[in-house]
Amino acid sequence: MRPIFGLRTNLVLNIHCFSNSKLQRIFITSSSPKQPINDVTLLIASDELQRCTSLTTLRKLHAKIFSYGLYHTSLWTKIAALYVSFERVDAAKFAFEFLSNPSSYLWNILIRGYATHGFFGQSLGLYREMMQKGLKPDKFTFPFALKCCAGLSDLNVGRLVHQHLVCCGCSHDVFVTAALLDMYAKCSHTEAARLVFDKMSVRDVVCWTSMISGYAHNGCNSETMVFFDLMRASGVQSNRVSILSVLLACGNLGALRKGEWLHSYVIQTGFEHDILVATAVMDMYTKCGSLELARRLFDDTPGKDVVCWSAMIASYGIHGQGRKSLDVFNDMLRAKVKPNHVTFTCILSSCSHSGLLEQGKKCFESMAKDFGISPQLNNYACMVDLLSRSGQLSEAEELIQNMPVEADASIWGSLLGACRIYGNLDLAERIADRIFELDPFHAGYHVLLSNIYAAKSRWKEVERVRRMMVRRGTNKVQGLSLIEFNNVVHKFGVRDRSHPQSNKIYDLLDELVGPMKRLGYVPLIDFVLHDIEEEAKEEALLYHSEKLAIAFGLINTPPGTPIRVTKNLRICGDCHNAIKIISRIVNRIIIVRDMYRFHHFEDGHCSCGDYW
């Protein structure tokens with residue numbers, strides 16, 4: 001047996017608290033604690049462990065067994081298993097290490113215990129040690145090893161475990177393959193997850209849900225919707241996770257009609273009383289541009305928790321209605337619901353989108369003063385964004401430099417974005433160096449700096465930034481706009497001619513140019529990042545993705561119907577001005593959601609008040 005130091009005294013202390021049991025009576029008849037114990041004694045000790053129902057009793061039994069030298073593998077295996085069941089994996093590890101040759105069963109218990117309680121690194125460490133000792137993992141080992149890889153997002157180790165399970169003949173076990181699929185999905189390798197899924201002979205709700213959730217959380221929104229429909233067509237009943245995932249995807253696509261159907265499906269399946277699902281439906285309506293439906297659902301939802309309240313605050317925020325966000329926050333406090341860090345992130349973001357500088361400052365100060373909440377990185381990020389958007393660039397920079405937490409690239413990025421708005425080239429160049437030190441491969445920051453140079457006609461610097469991007473292997477994210485029509489989501493890129501109706505779309509935009517200019521539209525050629533002739537710049541601006549999507553909507557929907565467009569990037573200033581005028585010409589409400597917020601265009605005006 002392995003030597004034990006420092007624990008014997010604590011174990012023996014528990015002996016005096018343990019009495020009136022068959023085990024103790026047997027031990028009392030022994031003249032010495034080290035006297036050999038027969039099979040009957042082992043049986044009784046095992047029976048006592050089997051009856052153990054509390055951690056206190058287990059500790060006493062453990063102390064007695066240790067004190068009297070019952071060094072039998074089966075007893076210590078049961079002790080370890082019981083400690084795991086009582087969520088004391090550390091004590092189970094002690095029992096495990098006490099044995100010179102633990103069985104594979106006990107290895108699996110420890111690996112499972114650490115994995116179940118989120119100690120993924122320790123669990124994988126045991127898995128490696130098990131392999132090094134020449135023990136063969138089995139179908140009970142691999143699901144938890146894969147769970148650890150998923151929890152750590154460690155694709156390389158996950159692939160290695162995949163090789164092991166194939167070599168050990170476990171590649172056809174339904175639980176192992178389900179864990180393998182989940183690992184690849186959570187490690188953002190949806191292609192490998194799909195290959196595993198396609199090879200499965202039996203697919204239960206867990207497998208379908210892992211695939212749907214993997215697609216949703218990796219931004220594969222259309223695939224999420226398709227897979228959810230395939231699951232239903234296969235006769236597999238949806239669960240909470242699959243419904244939450246498809247609602248997330250639907251909101252990201254801005255597919256309102258599909259979202260309304262999903263809301264009906266939630267009611268039919270009885271999930272409308274689940275507060276998390278209700279909040280997800282509300283969030284979906286918000287992202288699809290239907291704030292009224294989101295608020296109606298919020299008002300009708302009983303038992304609203306802090307997540308639900310925070311979601312409603314955020315909903316008003318991204319629609320530019322910061323004052324209503326503040327109203328909801330005050331209602332939340334009156335309802336005796338305590339805010340958390342996320343709540344303040346939502347309220348500060350709402351203030352930022354609406355230019356409510358003083359109100360935002362008061363909310364930020366109240367976090368620690370009134371609620372005892374120390375601001376976290378996200379809260380500081382919102383405060384920097386609020387100051388930056390309000391033109392307080394020096395104060396924003398000072399806040400970043402005096403923060404008690406290390407600023408990341410996104411916080412400096414907020415300030416860089418404000419430099420674009422206010423044309424502060426000197427500050428932009430100074431902080432760009434810091435940003436590229438923190439995140440040298442983020443294409444968005446390179447493009448933002450390029451925009452700032454282009455606005456000042458500094459074309460040599462624009463070219464220098466482009467070469468830097470090429471050298472670092474960073475690629476600019478393509479601007480895409482989505483619009484739903486007849487339950488189908490149509491996608492457009494810049495100067496995209498792949499759509500069957502492209503000729504009609506381009507003709508309509510060409511027809512609109514004249515009336516737009518007569519109403520005061522002047523193309524903002526600063527948003528063209530190329531040193532080309534002005535006429536070419538105007539043409540390049542005319543065919544931005546959001547304008548193509550809007551033209552498609554005008555062609556295919558009846559007069560007076562609102563047009564809803566979702567864009568994956570921030571809407572440019574030229575498109576913003578153009579859409580305001582288009583809304584007046586065609587007498588339509590046009591709702592555009594970009595990566596930061598909503599813009600409601602009507603009769604030549606935008607809900608953001610040109611503050612965005």
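## A tour of the predicted model

Select Glu 97 to begin: at a relative accessible area of 37%, this residue is partly exposed. The structure on the screen is a predicted model, and every stop below should be read with that in mind.

**Salt bridges**

With Glu 97 still selected, add Lys 93, because the two side chains meet in a salt bridge with an N to O distance of 3.3 Å, inside the 4 Å limit for such a pair. Both residues belong to helix 6 (residues 89-98), where they stand 4 residues apart, about one turn of the helix. An α-helix has 3.6 residues a turn, so residues three or four places apart point the same way.

Move next to Lys 258 and Asp 229, whose side chains also form a salt bridge, again at 3.3 Å from N to O. Here Lys 258 sits in helix 16 (residues 256-268) and Asp 229 in helix 14 (residues 221-233), so the pair ties together parts that are 29 residues apart in sequence. Is each partner buried or partly exposed? Lys 258 is buried, at a relative accessible area of 19%, whereas Asp 229 is partly exposed, at 29%.

For a further example, select Arg 334 and Asp 331, which meet in a salt bridge at 2.4 Å, N to O. Both are in helix 20 (residues 322-334), 3 residues apart, about one turn of the helix. Arg 334 counts as exposed, with 60% relative accessibility, while Asp 331 is partly exposed at 27%. If you wish to look for others, a search of the whole structure finds 17 salt bridges.

**Helix 22**

Now select residues 357-371, which make up helix 22, a run of 15 residues that spans 20 Å from its first C-alpha to its last, close to the 21 Å expected. Where is the kink in this helix centred? Look at Glu 365, where helix 22 bends by about 35 degrees. Colouring the helix by burial would show Leu 357, Gly 360, Cys 363, Phe 364, Ser 366 and Met 367 as buried; what covers the buried residues includes helix 20, helix 21 (341-354) and helix 23 (377-389). Just after helix 22 comes Gly 372, with a positive phi near 65 degrees.

**Nonpolar cores**

Select Trp 76, Leu 110 and Met 183 together, as these are the residues with the most contacts inside the largest nonpolar core, a set of 156 residues. Leaving aside residues up to four places away in sequence, Met 183 touches Leu 146, Cys 149, Ala 150, Leu 155, Gly 158 and Arg 159. Apart from this core lies another, of 32 residues, which includes Ile 550, Ala 551, Cys 572 and Cys 575.

**Two loops with positive phi**

Most residues other than glycine have a negative phi. Select Glu 87, which is not a glycine and yet has a positive phi of about 60 degrees. Glu 87 lies in the loop between helix 5 (73-85) and helix 6, and at 57% relative accessibility this residue counts as exposed. Then select Ser 153, another residue other than glycine with a positive phi, near 55 degrees, placed in the loop between helix 9 (142-152) and helix 10 (155-167). Ser 153 is partly exposed, at 47% relative accessibility.

**The whole chain**

To finish, zoom out and colour the chain by domain: domain 1 (42-183), domain 2 (217-303), domain 3 (304-356), domain 4 (376-476) and domain 5 (480-606). The C-alpha centres of domain 1 and domain 5 are 59 Å apart.

Methods: Residues numbered from 1 in each chain as written. Predicted model: local features only at pLDDT ≥ 70, side-chain atom pairs only at ≥ 80, totals over all residues. Heavy atoms only, no water. Buried < 20%, exposed > 50% of the residue type's maximum accessible area, 1.4 Å probe, protein only. Domains from an automatic or database assignment. Expected span 1.5 Å × (residues − 1). Bend = angle between axes of the 7 residues up to and from the residue. Contact = heavy atoms within 4.5 Å. Core = buried A, V, L, I, M, F, W, Y, C linked by side-chain atoms within 4.5 Å.
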